[in-house]
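Reader: I should be grateful for a close look at a single part of this protein. Please treat one helix and its surroundings in a connected account.

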Amino acid sequence: MKNRHYYEFNFWHLYFVIALLYTIMIFLNNEFVLTNSYYYNSLGDQLTNTRITDLIAMKEKFQWVTYLIEPVFILLKILIIAGVIFTGLCLSNSDTTYKDCLKIVVLAEFIPFLGFFIKTAFFLIFPPKSPTVLQFFSPLSLSQLFDLNKIPNYFIYSIQQINIFEIVYWILLAFGIKTFTKWQWSKSYKKVLATYGSALFIWILFIMFLNLEIG
């Protein structure tokens, strides 16, 4: 089948590569971005030095947890998105398997990782001056065109999702569906919109709701 050779890999092998890459990025963040000076400089106006020192000590004590959580989070993300796409394909009477969907999603995951890599590299070169800068910086995103200080916090996350990496991610999902189903591009895109697009919309609404409750 045309383009099928792109998916002739073991799912778990590629997943472990992606998980390792994410873990390396988190390590770089912890060691070279979220440094002691970052905490003192960014929180110095809000907390005492003693309190900041306590926060740093707690961070160093429990940061190993992040190295365990991130691979689990990535796996859950892949499993859920693959499940959503698989369900949509089943409703369309496609004979594509869940294993095929897992391969489609895990290969596409390199695109979100690329975005994370660029963000990490940026802060390695230009250290963040505040938690707000760290949270709201989203490379190649629509949010970078706006003054986020004038936009409600609960709405920022949804704007951040409109970015180049998300667009390419959708294209790779559609490419995978097209490869396994032999559908046309237009039908494959519509299936991504109906499955992953719907799940993403629900997730964005959930995050907005949390931000409203917290804020």
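Which residue just after α9 takes a positive phi? Kindly begin there and then describe the helix itself.

Author: The residue is K182, which lies just after α9 and has a positive phi of about 65°. The model is a predicted one, and every value below is computed from it. In general, most residues other than glycine have a negative phi. Two further residues depart from that pattern. N93 has a positive phi near 60° and is found in the loop between α4 and α5. L140 likewise has a positive phi, near 55°, and its place is the loop between α7 (131-136) and α8 (153-160). N93 has a relative accessible area of 72%, over the 50% cut-off, and is therefore exposed. L140, at 52% relative accessibility, also counts as exposed.

The helix itself comes next. Helix α9 runs over residues 164-181, and its 18 residues should span 26 Å at 1.5 Å a residue; the end C-alpha atoms are 26 Å apart, so expectation and model agree. At the N-terminal end of α9, N163 acts as a cap, with a side-chain oxygen 3.0 Å from the backbone nitrogen of F165. F165 is itself among the buried residues of the helix, a list that also includes E166, Y169 and L173. Further along, A174, F175, G176 and I177 are buried, as are T179, F180 and T181. The cover over these buried residues includes α4 (64-91), α5 (98-108), α6 (110-125) and α10 (185-214).

Two of the buried aromatic residues of α9, F175 and F180, belong to a cluster of ring pairs that also takes in Y6, Y7, F9, W185 and Y189. F9, a member of that cluster, also has a charged partner: the charged end of K103 sits over the ring of F9, 5.6 Å from its centre. A similar arrangement involves W183, over whose ring the charged end of K187 sits, 4.3 Å from the centre.

Altogether, the structure holds 23 aromatic pairs. One of them joins F86 and Y98: the ring centres are 5.8 Å apart and the planes lie at 65°, over the 60 degrees required, so the pair is edge-to-face. This pair links distant parts of the chain, F86 being in helix α4 and Y98 in helix α5, twelve residues apart. F86 has a relative accessible area of 24% and is partly exposed, and Y98, at 29%, also counts as partly exposed.

A residue of another covering helix completes the picture. K191 is found in helix α10, and its relative accessibility of 14% is under the 20% cut-off, so K191 counts as buried. Neighbours within four places in sequence aside, K191 is in contact with G88, L89, S92, I177 and W183. I177 is one of the buried residues of α9, and W183 is the residue whose ring lies beneath the charged end of K187. With S92, the side chain of K191 forms a polar contact of 2.6 Å. By contrast, the C-alpha atoms of K191 and F32 are separated by 41 Å, the two residues being 159 apart along the chain.

Conventions
Residues numbered from 1 in each chain as written. Predicted model: local features only at pLDDT ≥ 70, side-chain atom pairs only at ≥ 80, totals over all residues. Heavy atoms only, no water. Helix = DSSP H or I, 4+ residues; strand = E, 2+ residues; numbered from the N terminus. Expected span 1.5 Å × (residues − 1). Buried < 20%, exposed > 50% of the residue type's maximum accessible area, 1.4 Å probe, protein only. Contact = heavy atoms within 4.5 Å. Polar contact = N/O pair within 3.5 Å; in protein donor to acceptor, adjacent residues only side chain to side chain. Phe/Tyr/Trp six-rings, centres within 6.5 Å; stacked < 30°, edge-to-face > 60°. Lys NZ or Arg CZ within 6 Å of the ring centre and 35° of its normal.
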